[in-house]
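Here is a relaxed walk through one protein chain, from what sits inside to the odd spots in its loops. Have the model open alongside as you read.

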Amino acid sequence: MEQMNELTTLEQWNKIWERSMNMPIFVFKHSTSCLISARAFKQDKALPERGKADCYLVKVIESREVSNQIAEDTSITHKSPQIFLIYKKKVLWNTSHWKITKSNMEKEVSRVFE
């Protein structure tokens, strides 16, 4: 993941949802007012799996409409912080809070390519 792109509109989310048909994507739901989310954000930024998955950030307070649509499209109740690994419009893995770690993300993205 060379950079983390922020999703702020439903149009952007819809494009990323479609993009997941071609490559795995991580979507990180981040609360800018939460210390646990800040720690998880650092873990997410440290992921070295360059080129294996794109990574996107949704600030849940600032982009609530996008966050809600992700919950609807994935059928997974919103939590914050929360991360999804999505491939072919299917959530292969998701977790939240203290379970968002670099090692968990590396393990899950490597499973896509087994």
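## The main core

This is a predicted model, so take what follows as a reading of that prediction. A good place to start is the largest nonpolar core, which has 13 residues. Within this core, Leu7, Trp13, Val27, Ile70 and Ile86 touch the most other members. H1, S2, S3, H3 and S4 each put in at least two residues, and H1 gives the most, with three.

There is another core too, lying apart from the largest one. This other core has eleven residues, and Phe26, Phe28, Ala53 and Ile100 are among them.

## The chain overall

Now step back to the chain as a whole. The secondary structure adds up to four helices and five strands, and along the sequence they follow the pattern β-α-β-α-β-α-β-β-α. The chain has 114 residues, and 42% of them count as buried.

What about contacts across the sequence? Taking contacts between residues at least 6 apart in sequence, 71% join residues that are at least 24 apart.

## Helix H1, inside and out

H1 covers residues 10-19, and its buried residues are Trp13, Ile16 and Trp17. Looking down the axis of H1, these buried residues fall within an arc of 105 degrees, so they line one face of the helix. There is a general point behind this: an α-helix has 3.6 residues a turn, so residues three or four places apart point the same way. On the other side of H1, Glu11 and Lys15 are exposed.

What do the buried residues of H1 pack against? The list is strand S2 (25-30), strand S3 (54-59), helix H3 (64-74) and strand S4 (82-87). Trp13 is worth clicking on here. Setting aside neighbours within four places in sequence, Trp13 is in contact with Leu7, Val27, Val66, Gln69, Ile70, Asp73 and Ile86.

## H1 meets H3

Two packed helices are described by the angle between their axes and the distance between the axes. For H1 and H3, the axes come within 9 Å and cross at roughly 35 degrees. The crossing of H1 past H3 is right-handed.

Who makes the contact? From H1 come Leu10, Trp13 and Trp17, and from H3 come Glu65, Val66, Gln69, Ile70, Asp73 and Thr74. By type, the residues of this contact split into five nonpolar, two polar and two charged.

## Helix H4

H4 spans residues 102-112, with Met105, Glu108 and Val109 as its buried residues. These buried residues cover an arc of only 95 degrees around the axis, which puts them on the same side of H4.

## Ser63, a buried loop residue

Ser63 sits in the loop between S3 and H3. Is Ser63 buried or exposed? With a relative accessible area of 5%, Ser63 is buried, because the cut-off for buried is under 20%.

Leaving out neighbours within four places in sequence, Ser63 is in contact with Leu7, Thr8 and Val58. Ser63 and Thr9 are 54 residues apart along the chain, yet their C-alpha atoms are separated by 7.4 Å.

## Backbone oddities in the loops

Most residues other than glycine have a negative phi, and most peptide bonds are trans. A few places in this model go the other way, so here they are. Start with the loop between H3 and S4, where Pro81 is found. A cis peptide bond joins Ser80 and Pro81, with omega at about 0 degrees.

Ser75 is in the loop between H3 and S4 as well. Its phi is near 60 degrees, a positive value in a residue other than glycine. Ser75 is exposed, at a relative accessible area of 67%.

Lys89 lies further along, in the loop between S4 and strand S5 (90-96). Lys89 has a positive phi of about 60 degrees although it is not a glycine. How accessible is Lys89? Its relative accessibility is 31%, so Lys89 counts as partly exposed.

Definitions and conventions. Residues are numbered from 1 along each chain as its sequence is written. This is a predicted model: local features need pLDDT of at least 70, side-chain atom pairs count only at pLDDT 80 or more; totals for chains, interfaces and linings use all residues. Side-chain values use heavy atoms; hydrogens and water are left out. Buried means under 20% relative accessible area, exposed over 50%, partly exposed in between (1.4 Å probe, protein chains only). The arc is that of the directions from the helix axis to the C-beta atoms. Contact means heavy atoms within 4.5 Å. A nonpolar core is a set of buried Ala, Val, Leu, Ile, Met, Phe, Trp, Tyr and Cys residues joined through side-chain atoms within 4.5 Å. Axes are lines fitted to C-alpha atoms, for helices over the stretch in contact, and angles run from 0 to 180 degrees between N-to-C directions. A crossing is left-handed if the near helix is turned anticlockwise from the far one by less than a right angle, and right-handed if clockwise. Ala, Val, Leu, Ile, Met, Phe, Trp, Tyr, Cys and Pro count as nonpolar, Asp, Glu, Lys and Arg as charged, and the others, Gly among them, as polar.
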